[in-house]
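Dear colleague,

Please find below the structure I agreed to pass on to you. My notes on its strands and sheets come after it.

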Amino acid sequence: MSGPAAGTADAATTTDVVCLGESMVTFLPSQPGRLADVPSFGRGIGGAESNVACALAAAGHRAAWVGRVGADGFGDHLVETIASYGVDTSAVRRDPVRPTGIYFRTATDRGTDTHEVAYYRAGSAASAMSPDNVPYEDLLAGRILHLSGITAALSADCLALLRELTAPRPGRPLVSFDVNHRPHLWRGGDADASVLLELARRSDLVFVGEDEAEEAWGIVGAEAIRAALPEPAVVVVKRGSAGATVFSGLRPGPRSSNAGGAGDAAGGAGFDPDTVTLVPALRVDVVAAVGAGDAFAAGFLSATLRGLPVRERVRHGHLMAAAVLTVPGDLTDPPARDHADRLAALDDDAWGRLRLGPGWTAADRAPEEVHTP
């Protein structure tokens, strides 16, 4: 079942997706081991929302990233690197006092007990984002506004900003919200759970992992997650190796009054209430798991902008995640659109036989050379 593409404005002049959030310089280890034992690190960038913007721009969409960085060399590096992917960074603000955030991580998977991350982001420039210092005209200029729960955890001002952006308003773009529960960022207590639930319920399109819903809210199972999020037009429940379940339909929640905007993009009249779509995950030879969730969101949003059916939206999410899973870093070039479209259109049996490994996105390699049954 297909729904209309996002928005109705002039496609030649409108930004497709605006992503708001903190991006940091990340230092990646030269070898496995404890942070105490790693002798050197390579420099990269990290940030859920800027990852989504970079992936969308690389896929041919008009993407913008809005954030706040320090007036320092790390801020220069972030803005220049993100812009190099084709992302519009013109609305990024520089803080003359607060620094750009940085962090160090180990080479192990984030879900293992041996994974270490050392953040140096307290008091960062991004944590000072507030309703008083962001460029609203840029944030609301796109067909989709993409946010995440990470920003809400940075400071009280950042939380106030997200509450402002998710509030109902005339002409509000489709609000996409990735729950991105990061317990270590919150200041203790159960406030994080209630805040994330509040923001998700005020959004139009929500991405949430089955595992993080259980951790944050004590909710088990996709149906129970949908029951806890009755307002969003689309709820995407990520289920790891089991794939994803999407609940889509017209809902009575806090929609924009912009007819043909947020409601249409999230599902609109093209969806029957509570349509449930289950899409299996791909088999992937994983090189590194970091960044896959952001890539999945980018793939789903890309297909949403194109008005593709829900099944294809999820499949494009899986494909873009597979591109990142088969490289060492958080970002990589996605598969060419026609290549991804061919794979997303496979019948269920052929989709289930795919296995993707490093190099599968190369444009000069035929699918049978990179996928094994």
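The notes below concern two groups of paired strands.

Please bear in mind that this is a predicted model.

The open sheet

Four strands make up an open sheet of mixed pairing, and their order is 3-2-7-8. The edges are held by strand 3 (41-46) and strand 8 (117-120); each has a single partner strand, so one side of each has no neighbour in the sheet. From one strand to the next, the twist averages 20 degrees. Strand 7 (residues 102-105) and strand 8 run antiparallel and are joined by four bridges. Within this pair, isoleucine 102 has tyrosine 120 of strand 8 as its bridge partner. Helix 2 (residues 73-84) packs on the sheet, where it touches strand 2 (24-29), strand 3 and strand 7. The direction of helix 2 makes about 65 degrees with that of strand 3.

Strand 9 and its partners

Strand 9 (residues 144-148) is mostly covered, with five of its five residues buried. Its two faces are both covered: Ile144, His146 and Ser148 are buried on one side, and Leu145 and Leu147 on the other. Strand 9 pairs with strand 1 (residues 17-20) in the parallel sense, over three bridges; here leucine 145 is the bridge partner of valine 18. Strand 9 also runs parallel to strand 10 (residues 174-178), and five bridges join these two. In that pairing, serine 176 of strand 10 stands opposite histidine 146, a residue buried in strand 9.

With kind regards

Technical notes: Residues are numbered from 1 along each chain as its sequence is written. This is a predicted model: local features need pLDDT of at least 70, side-chain atom pairs count only at pLDDT 80 or more; totals for chains, interfaces and linings use all residues. Side-chain values use heavy atoms; hydrogens and water are left out. Two strands pair if DSSP finds at least two bridges between them. Axes are lines fitted to C-alpha atoms, for helices over the stretch in contact, and angles run from 0 to 180 degrees between N-to-C directions. Contact means heavy atoms within 4.5 Å. Buried means under 20% relative accessible area, exposed over 50%, partly exposed in between (1.4 Å probe, protein chains only).
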